[in-house]
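Please open the model in your viewer and keep the sequence panel beside it. We will go from stop to stop, with something to select at each one.

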Amino acid sequence: MSLAVIVGATGTQGGSVARVLAKDLSWKVRGLTRDASSAKAKALEAIGVEVVAADLNDVGSLQAAFNGATAIFAVSDFWTPVFQSGIDTAQKVELQHLINIADSAAQIPTLKHLVLSVLPSCDKLSGGKLPCPHWDAKARGTDYVKTSLPQLAAKTTFVWAGFYLDNFANQPSMQPQPFLGNYIMAQASKADAIAPCGGIVATNTGIVVQAILSQPEKTYGKYVPIITDLISWTQLAEEWSKATGKTAVYAELTDSEAAKVYGPLFGPEIASQLRFSEQYPDWNKFYPEETVTLEELGVKDKVVGVAQGFELLKDQIVPRS
C-alpha cells in the first residue's frame, strides 16, 4: 500500500483529498495539520487517516512527516498571515512555506508524485498590469520548484483551484444580501464578466487529485485547472435564484466600495482577483501545451459544478435574517 501525505488535511482542499484517498484501498493516508487535536483532525482519524502535527516553518518537521511518502499533496495558507501581519508579509510567508514544502519533498527518496496546489501568476500573465498578491505568491512557489528543483518539478503536478462555490455557504460576505424583499449579489466585477468557478472545491479537489495520481505520465510537469464552469456573475445570480427559490440580481461594486464593504485587506485582494478574471477568464488557455483539462483527465462528469452545487448547498446559501 502506497503512502499519500496531505499537507493542510483539515482545510477545504486538503480535507477533500484526504477523504477521497482514505476510501481508495491502494492508499494509506497521512494528514498533516497544525492542530492534531482539533475536531476536524479527529474526524479524519475516524475514517482511517493518520493525523500528524507539522509546522510549515520547520523543514525538519516536514521531512519527518513526509518520510516514506509515495505521493504528497500540499496547499499553503495565505489568509492566516494576512490577518496576522498584512498582505506584504503574507506573500513572503506563503512563498517560504511553499519553498519549505518543496525542499522537504525533494529529500524523500520514495516520492513519485508531488501535487502542489498553487495559482496562476496574475502579474506575469497581465504583463504587470493586474497583479494579485494571493495568486502571485502561490505562483512564485511554482517558479521556485521549476527553477531550483528541476528533478522534483519533473514529477510535480500543479493544481489551480478556481473560485470556490463553497464560499457562498462558508463566507457570509459572499452571500447575496436582502434588499426590498429580494436579494443582491454584489462583487467588484462587471455583470457579464466571467468567473472561473471551481464548483464545490471541498468535493472536487479530491476527485481531481485522485485522477492525477492515477495518471502520472499524463500529469507530470503539467497544470490542472479545477474549473467546472466559466460563468458570468449575472448567471451565477440566476443559478442561485433557481436553487433557493429566491430572487437575486447582480450589482457591480467599485474596487473602493469593495474595500469598504469587505474590509481593507479582504476587499482589495478579492477585487484584484476578479478584475484579473475579467480580462483572463479561461485558465485552460494560459499554457495550453502544459495543461491537462478536466475533460482530458476524465473527471468532467464526476466533479460538482455550479447548478448542481447550488442545489446541494441551497440550505446554506441564503443569509439568515
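## Starting in the parallel sheet

Select strand β4 (residues 71-75) together with strand β5 (residues 113-118): the two pair in the parallel sense, over 5 bridges. One bridge to pick out joins V75 to its partner S117 in β5. Keep in mind as you look around that this is a predicted model.

Now widen the selection to the whole sheet. It is an open sheet of 7 strands with parallel pairing, and its order reads β3-β2-β1-β4-β5-β6-β10. Which strands stand at the edges? They are β3 (50-53) and β10 (223-226); each has a single partner strand, so one side of each is left without a neighbour in the sheet. On average, neighbouring strands here are turned by 20° against each other, direction ignored.

## Helices on this sheet

Add α1 to the view. This helix packs on the sheet and touches β1 (2-7), β2 (27-33), β4, β5 and β6 (156-161), while its direction makes about 160° with that of β1. Next, show helix α3 (residues 59-66), which lies across β1, β2, β3 and β4 and runs at about 160° to β2.

## A serine in α1

Zoom in on S16, which you will find in helix α1 (residues 12-22). Is S16 buried or exposed? Its relative accessibility is 1%, and because buried means under 20%, S16 counts as buried. Show its side chain: a polar atom there lies 3.3 Å from the backbone oxygen of T203. Leaving aside neighbours within four places in sequence, S16 is in contact with G11, V201, A202, T203, N204, T205 and G206.

## On to helix α10

Several of those contacts lead to our next selection, helix α10 (residues 201-214). At 1.5 Å a residue, its 14 residues should span 20 Å, and the end C-alpha atoms are indeed 20 Å apart. How many residues of α10 are buried? The count is 10 of 14, so the helix is mostly covered. Colour the buried ones to see where they fall: V201, N204, T205, G206, I207, V208, V209, A211, I212 and L213.

## The second sheet

Select β7, β8 and β12. These 3 strands make an open sheet in the order β7-β8-β12, with mixed pairing. At its edges stand β7 (177-179) and β12 (248-252), each with a single partner strand, so one side of each lacks a neighbour in the sheet. The twist averages 40° from one strand to the next.

Look closer at β7 and strand β8 (residues 182-187), which run antiparallel and are joined by 3 bridges. F179 has N182 as its bridge partner in β8. Then bring in helix α12 (residues 233-244): α12 packs on this sheet, touching β8 and β12, and its direction makes about 155° with that of β12.

## A cysteine in a loop

Move to C132, placed in the loop between α6 (122-125) and α7 (133-148). C132 is buried, with a relative accessible area of 0%. Not counting residues up to four places away in sequence, C132 touches C122, E269, S272 and Q273. For a distance to check in the viewer, try C132 to S121: they are 11 residues apart in sequence and 7.9 Å apart in space, C-alpha to C-alpha.

## Zooming out

Finally, select residues 5-282, where an unreviewed UniProt entry places the feature "domain: NmrA-like". This span is 48% helix and 21% strand, and its end C-alpha atoms lie 30 Å apart.

Terms used. Residues numbered from 1 in each chain as written. Predicted model: local features only at pLDDT ≥ 70, side-chain atom pairs only at ≥ 80, totals over all residues. Heavy atoms only, no water. Helix = DSSP H or I, 4+ residues; strand = E, 2+ residues; numbered from the N terminus. Buried < 20%, exposed > 50% of the residue type's maximum accessible area, 1.4 Å probe, protein only. Contact = heavy atoms within 4.5 Å. Polar contact = N/O pair within 3.5 Å; in protein donor to acceptor, adjacent residues only side chain to side chain. UniProt positions renumbered as here; feature names shortened; annotations may be inferred. Expected span 1.5 Å × (residues − 1). Pairing = 2+ DSSP bridges. Axes fitted to C-alpha atoms, helices over the stretch in contact; angles between N-to-C directions.
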